[in-house]
Amino acid sequence: MRVRKDAKIELISRVPLLAACSKNELGRIANLADLIDLASGETLMREGEFGSEFFILVDGTARVSRRGRKLRDLAAGDWAGEIALVSNVGRTATVVATSPLRALVLTRSGFSDLMDDVPSISTKVLAALGERLAPETI
């Protein structure tokens, strides 16, 4: 099953890190997104490990946990791992599929190349990161 480009754009536009991007910029990002399928029980990311992928759930569910404690459940339209697009830091949580799962995946290398090619995306992503961090900084 394929996901139409406009459906990819809609999903990507919901991600706060990317929400300020124009439709054209979102289309460029959507071109980078690959569709993957995971079985129930497969791990998307493991707490503490370094990763370079960002996931947007298309279908299915996943559980987010930290230090073995459930934080929340994810469903279609939710996402995980967006910081991996811009930074090489350890994952802050583990995410495991709790049903068969279909997700869009973006990689840091592809996204980084796109930000170099389209600097306006980089500017918007940095602004979104600043807004996200502002409440936690002095």
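Visitor: What volume does the largest pocket have?

Guide: Welcome! Please keep in mind that this is a predicted model. Its largest pocket has a volume of about 600 Å³. There are 24 residues in the lining, and those closest to the pocket's centre are Gly81, Glu82, Ile83, Thr92 and Arg132.

Visitor: Which elements give two or more residues to the lining of the largest pocket?

Guide: Three strands and one helix do: β4 (62–66), β5 (69–74), β6 (79–80) and α4 (119–133).

Visitor: How do the residues of that lining divide into nonpolar, polar and charged?

Guide: The lining has 13 nonpolar residues, 4 polar ones and 7 charged ones.

Visitor: Let's turn to α4. What makes its reach close to the expected one?

Guide: With 15 residues at 1.5 Å a residue, 21 Å is expected, and α4 reaches 21 Å from its first C-alpha to its last.

Visitor: Which residues of α4 are buried?

Guide: They are Ile121, Val125, Ala128 and Leu129.

Visitor: How do you know that the buried residues of α4 line one face of the helix?

Guide: Look down the axis of α4: the buried residues fall within an arc of 100°, so one face of the helix holds them. The face turned away from that buried side carries the exposed residues Pro119, Thr123, Leu126 and Glu131. As for what covers the buried residues of α4, this includes α2 (23–32) and α3 (108–117).

Visitor: And which residues are buried in α3?

Guide: In α3 the buried residues are Gly110, Phe111, Leu114 and Met115. Viewed along the axis of α3, they fall within an arc of 135°, so we can say that they line one face of this helix too. Ser109, Asp116 and Asp117 are exposed on the other side of α3. The cover over the buried residues of α3 includes α2, β8 (101–107) and α4.

Visitor: Ser109 catches my eye. Why is Ser109 called exposed?

Guide: Exposed means over 50% relative accessible area. Ser109 has 51%, so it is called exposed. This residue of helix α3 has its C-alpha 9.2 Å from that of Glu53, although the two are 56 residues apart in sequence.

Visitor: Which residues of helix α1 are buried?

Guide: Helix α1 (residues 5–13) has Lys8, Ile9, Leu11 and Ile12 as its buried residues. They cover an arc of only 165° around the axis, and therefore sit on the same side of α1. There they pack against α2, β3 and β8.

Visitor: Why does Phe55 count as buried?

Guide: Buried means under 20% relative accessible area, and Phe55 has 5%, so Phe55 counts as buried. Phe55 is found in strand β3. Beyond its neighbours within four places in sequence, Phe55 is in contact with Ile36, Leu44, Met45, Asp78, Trp79, Ala80, Arg91, Leu104 and Val105. Between Phe55 and Leu85, 30 residues apart in sequence, the C-alpha to C-alpha distance is 10 Å.

Visitor: Ile36 is one of those contacts. Why does Ile36 count as partly exposed?

Guide: Partly exposed lies between the 20% and 50% cut-offs. Ile36 has a relative accessibility of 25%, so it counts as partly exposed. Ile36 lies in strand β1 (residues 34–38). Leaving aside neighbours within four places in sequence, Ile36 is in contact with Phe55, Leu101, Arg102, Ala103 and Val105. Ile36 and Ala103 are 67 residues apart along the chain, and their C-alpha atoms are separated by 5.4 Å.

Visitor: Why does Gly48 count as partly exposed?

Guide: The reasoning is short: Gly48 has 46% relative accessibility, so it counts as partly exposed. You will find Gly48 in the loop between β2 (43–45) and β3 (53–59). Apart from neighbours within four places in sequence, Gly48 is in contact with Gly90 and Arg91. Its C-alpha is separated by 9.9 Å from that of Arg67, 19 residues apart along the chain.

Visitor: Then what makes Arg67 count as exposed?

Guide: Arg67 has 71% relative accessibility, and the cut-off for exposed is over 50%, so Arg67 counts as exposed. Arg67 is found in the loop between β4 and β5.

Visitor: What value does phi of Arg67 have?

Guide: Phi is near 50°, a positive value in a residue other than glycine.

Terms used: Residues are numbered from 1 along each chain as its sequence is written. This is a predicted model: local features need pLDDT of at least 70, side-chain atom pairs count only at pLDDT 80 or more; totals for chains, interfaces and linings use all residues. Side-chain values use heavy atoms; hydrogens and water are left out. On a 1 Å grid over the protein atoms alone, a cavity is a set of points where a 1.4 Å probe fits but cannot get out, and a pocket is an open set with protein on both sides within 12 Å along at least five of seven lines; lining residues have an atom within 4 Å of a point. Grid points are joined across faces, edges and corners, and a volume is the space filled by probe spheres set on the points. Helices (H or I, at least four residues) and strands (E, at least two) are DSSP runs, numbered from the N terminus. Ala, Val, Leu, Ile, Met, Phe, Trp, Tyr, Cys and Pro count as nonpolar, Asp, Glu, Lys and Arg as charged, and the others, Gly among them, as polar. The expected span of a helix is 1.5 Å times one less than its number of residues. Buried means under 20% relative accessible area, exposed over 50%, partly exposed in between (1.4 Å probe, protein chains only). The arc is that of the directions from the helix axis to the C-beta atoms. Contact means heavy atoms within 4.5 Å.
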